[in-house]
Amino acid sequence: MTNALTIAAKERGQLRLFAVNLTDAGGENVPKTLGQMLGAEDLDPAYVELVRLSDLGDMSLPQYLAQGYDIDADTLSADRARLTGLSGYVLIILSLAFRDRAMTLRAVPELTLIANYGAQGPDWSANETIDTDSTDIGSGVQPRKTPSDAAIGGRIATYALLFLFVFTALFIWIGS
């Protein structure tokens, strides 16, 4: 990268694609030192992918991005020539890798920003309150149903039978 890259706090829906300018032998160390290289030590590795383009086989990088990351094919068509011309490694960093923190990635000669894909999703962090009856606590609670006459009669019969059983057992025990 030639310029520092600023990441907004709570950024969502962005995919940044970097060309990695390292030899094949050096590629294995990139995931371990990536945060130090960029000045972001706390990247979530679950949202960072180092791709060796030769490992894609017959699949092109635009196809990989379209199928693996659901990037719109029309969006990729503008960059198709540049993407298919890449070789070696590419680094894919999703917005979630930054753990909702604002940060500035420093420019390093080993990484070249190729593209930024995706659209900023809706901002769900609004501090507005909703004032309606349905937002009142307990407004959706239904009153407890009273037991039916049949249920009450069944309970009384059960208690009566239990009492008769205990009473009969007591007489048998006393009589023996």
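**A walk from Asp79 to the aromatic rings**

Let us begin with Asp79, which sits in the loop between H3 and H4. Keep in mind as you look around that this is a predicted model. Is Asp79 buried or exposed? Its relative accessible area is 16%, and the cut-off for buried is under 20%, so Asp79 counts as buried.

What does Asp79 touch there? Leaving aside residues up to four places away in sequence, Asp79 is in contact with Ala115 and Tyr117. With Tyr117 there is also a polar contact, made side chain to side chain at 2.7 Å. Asp79 has a charged partner as well: Arg82 forms a salt bridge with Asp79, and their closest N and O atoms are 2.9 Å apart. The two ends of this bridge sit in unlike surroundings, since Asp79 is buried at 16% relative accessibility, while Arg82, at 42%, counts as partly exposed.

Why do such pairs form? Side chains of opposite charge can pair when their charged atoms come close. How many salt bridges are there in this structure? The count comes to four. One of them joins the side chains of Arg16 and Glu11, with N and O 2.9 Å apart. Here both Arg16 and Glu11 are buried. Another salt bridge pairs Asp100 with Arg12, where the closest N and O atoms are 2.4 Å apart. Asp100 belongs to the loop between S4 and strand S5 (103-105), and Arg12 to the loop between strand S1 (5-7) and S2, so this pair ties together parts that are 88 residues apart in sequence. Asp100 is partly exposed, with a relative accessible area of 32%, and Arg12 is partly exposed too, at 35%.

Now turn to helix H2, which covers residues 61-69. Which of its residues are buried? They are Leu61, Pro62, Tyr64 and Leu65. Looking down the axis of H2, you would find these buried residues within an arc of 160°, so they line one face of the helix. Several elements help to cover them, including strand S2 (15-20), strand S3 (48-52) and helix H3 (73-77). Helix H4 (80-84), strand S4 (89-94) and strand S6 (111-117) are also among the parts that cover the buried residues of H2. Just after H2 comes Asp70, which takes a positive phi of about 55°.

H2 also leads us to the aromatic rings. A pair of aromatic rings is described by the distance of the centres and the angle of the planes. The structure holds three aromatic pairs. In one of them, the ring centres of Tyr64 and Tyr69 are 6.0 Å apart and the planes meet at 75°; planes over 60 degrees apart count as edge-to-face, so that is the name for this pair. Tyr64 is buried, at 17% relative accessibility, whereas Tyr69 is partly exposed, at 22%.

A second edge-to-face pair is formed by Phe167 and Phe171, because their ring centres are 4.5 Å apart and their planes lie at 80°. How are these two placed along the chain? They are four residues apart in helix H5 (residues 149-175), which means about one helical turn separates them. An α-helix has 3.6 residues a turn, so residues three or four places apart point the same way. Phe167 is partly exposed, with 38% relative accessibility. Our walk ends with a cluster, in which ring pairs link Phe163, Phe167 and Phe171.

Definitions and conventions:
Residues numbered from 1 in each chain as written. Predicted model: local features only at pLDDT ≥ 70, side-chain atom pairs only at ≥ 80, totals over all residues. Heavy atoms only, no water. Phe/Tyr/Trp six-rings, centres within 6.5 Å; stacked < 30°, edge-to-face > 60°. Buried < 20%, exposed > 50% of the residue type's maximum accessible area, 1.4 Å probe, protein only. Helix = DSSP H or I, 4+ residues; strand = E, 2+ residues; numbered from the N terminus. Arc of directions from axis to C-beta. Contact = heavy atoms within 4.5 Å. Polar contact = N/O pair within 3.5 Å; in protein donor to acceptor, adjacent residues only side chain to side chain.
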